[in-house]
Amino acid sequence: MDAELRRVAADARGFMPADEGLALHAWAQRAVAVGPVLEIGTYCGKSTVYLAAGAAAAGGPPVVSIDHHRGSAEHQPGWPYHEPDLLDEAGTIDTLPHARATLARAGLEGRVVLVVGDSPQVARLWGTPLGMAFVDGAHTDEAAAADYEGWAPHVACGGVLAVHDVFTDPSEGGQAPRRIYRRALDSGAFAERDAVGSLRVLERTASGW
Ligand code: SAH
Ligand code: MG
């Protein structure tokens with residue numbers, strides 16, 4: 001990954017360590033041969049820069065990144081990951097301007113389609129087989145299951161389902177992402193191909209799920 005883009009990604013606010021981001025970059029670069037790359041959980045665009053730079057390096061289509069931009073439970077006022085300057089005048093979280101600014105700084109605005117909306121709603125409207133679905137949205141069991149059930153069926157054979165925040169030890173973080181990662185493996189349709197930090201990358205090896 002280009003050094004300047006790496007710097008922009010490292011400086012962007014968000015929750016994507018550089019080693020995991022570089023793995024996303026490498027997988028996105030490979031995945032576009034199978035189909036487009038889609039992300040659930042844009043936040044301020046940090047992971048999006050890694051994905052879009054990877055897809056662009058391979059001459060792939062723009063990355064689709066979905067977020068309602070209102071933050072997850074842990075980003076709300078009074079919660080551990082709340083960042084007060086993300087509140088708009090109405091006192092509501094709005095990460096969309098920050099995501100747009102990050103992509104502009106990276107020179108990647110033309111390489112990303114930002115979708116503002118609810119992930120399961122978008123999944124129901126979706127019809128294009130994906131080369132990569134990167135799930136990094138809300139971390140309740142209900143939300144993670146909805147993301148899995150909504151997006152795993154759209155991953156093409158040979159494409160990858162990547163899940164963030166998979167922690168083996170519950171003291172490191174919530175277990176909902178780990179449960180959908182296990183569900184994908186237990187379905188028999190996915191095989192693990194990579195693990196970096198809390199990132200897991202699974203390739204679809206069989207149809208169905
Ligand atoms: N990938 C980001 C971090 C994502 S944080 C990074 O690299 O920094 C999780 C994001 O998921 C939040 O921005 C939140 O608004 C979004 N989110 C939570 N539930 C969602 C839903 N149902 N639909 C769309 N986005 C959702
Ligand atoms: Mg995450």
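Buried here means under 20% relative accessible area, with exposed over 50% and partly exposed in between (1.4 Å probe, protein chains only). By that yardstick Asp165 is buried, at a relative accessible area of 14%. This is a predicted model: local features need pLDDT of at least 70 and side-chain atom pairs count only at pLDDT 80 or more, while totals for chains, interfaces and linings use all residues. Residues are numbered from 1 along each chain as its sequence is written, and side-chain values use heavy atoms, leaving out hydrogens and water.

**Metal site**
- Asp136 (OD), His164 (ND1) and Asp165 (OD) are the protein donors of the magnesium ion (ligand 2), at 2.1 to 2.2 Å.
- Donors are N, O and S atoms within 2.8 Å of the metal (3.2 Å for Na, K and Ca); water is not among the atoms, so sites may look incomplete.
- Along the chain, these donors follow the spacing D-x27-H-D.
- His164 is buried too, with a relative accessible area of 2%.

**Helix 1 with helix 3**
- Helix 1 (residues 3-11) and helix 3 (residues 46-57) have axes that come within 8 Å and cross at roughly 160 degrees.
- That makes the pair roughly antiparallel (angles over 145 degrees).
- Leu5, Ala9, Ala10 and Asp11 in helix 1 meet Lys46, Val49, Tyr50 and Ala53 in helix 3, where contact means heavy atoms within 4.5 Å.

**Helix 2 with helix 3**
- Helix 2 (residues 18-31) packs on helix 3 at about 30 degrees, their axes 7 Å apart.
- That makes helix 2 roughly parallel to helix 3 (angles under 35 degrees).

Key
Chains lettered and ligands numbered in written order. Axes fitted to C-alpha atoms, helices over the stretch in contact; angles between N-to-C directions. Helix = DSSP H or I, 4+ residues; strand = E, 2+ residues; numbered from the N terminus. Parallel < 35°, antiparallel > 145°, perpendicular 65-115°, else oblique.
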